[in-house]
Amino acid sequence: MNPNLPPDDLEALFQAYCTINGGVCSLTIRNIVQREQLSGDTVRFTLELEKPDSSLFQFGPCCGEEGDFYWPMAQFEFTLQRDNERYHVLDLPIYVP
């Protein structure tokens, strides 16, 4: 998505994802809906997220699509993996095209 950035400059790539490419990086955790232990060091959380104005973040259908099977998503999965004493999030923030 950002060929002008060095592929090893992870900080710049993440910044571009959040400010240019559609990553929604200003959300906070509103509610932990589910926690699933995938392995000894990996956990998947299903979360509800909150916008800066404290309202629930919902992801609607993309690009004008409609129909009964397009409903607003309000729960999102994130996987965390433990490395020594720290957990690392393995997923990018929500992407909104």
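## T79 in strand β3

In this predicted model, T79 has a relative accessible area of 14% and is buried, because it falls under the 20% limit for that class. T79 is placed in strand β3.

Neighbours within four places in sequence aside, T79 is in contact with two stretches of residues and one further position. L38 is one of these contacts. T42, V43 and R44 are also in contact with T79, as are H88, V89, L90 and D91.

## The sheet

The strands are arranged as an open sheet of 4, in the order β1-β2-β3-β4, with antiparallel pairing. β1 (28-39) and β4 (86-89) are the edge strands. Each of them has a single partner strand, so one side of each has no neighbour in the sheet. From one strand to the next, the twist averages 30°.

Between β1 and β2, the antiparallel pairing runs over 9 bridges. Across from I32 stands L47, a residue of β2.

## The nonpolar core

The largest nonpolar core is made up of 10 residues. Its members are L27, V43, F45, L47, L49, F57, F76, F78, L80 and I94. Both β2 (42-50) and β3 (76-83) supply at least two residues of this core. The largest share, 4 residues, is that of β2. As background, nonpolar side chains in soluble globular proteins tend to be buried together.

## F45, a core residue in β2

F45 is a member of the largest nonpolar core and lies in strand β2. Its relative accessibility is 17%, and F45 therefore counts as buried, the limit being under 20%.

With residues up to four places away in sequence not counted, F45 touches I32, Q34 and R35. F45 also touches F76, E77, F78 and L80. Of these, F76, F78 and L80 are listed in the largest nonpolar core. I32 is 13 residues from F45 along the chain, and the C-alpha atoms of the two are separated by 6.9 Å.

## F57, another core residue

F57 also belongs to the largest nonpolar core. Apart from neighbours within four places in sequence, the contacts of F57 include V24, L27, L49, E50 and K51. M73, A74, F76, I94 and V96 are in contact with F57 as well. Among these contacts, L27, L49, F76 and I94 are members of the core. F76 is a contact of F57 and is also touched by F45.

Technical notes
Residues numbered from 1 in each chain as written. Predicted model: local features only at pLDDT ≥ 70, side-chain atom pairs only at ≥ 80, totals over all residues. Heavy atoms only, no water. Core = buried A, V, L, I, M, F, W, Y, C linked by side-chain atoms within 4.5 Å. Buried < 20%, exposed > 50% of the residue type's maximum accessible area, 1.4 Å probe, protein only. Contact = heavy atoms within 4.5 Å. Pairing = 2+ DSSP bridges. Axes fitted to C-alpha atoms, helices over the stretch in contact; angles between N-to-C directions.
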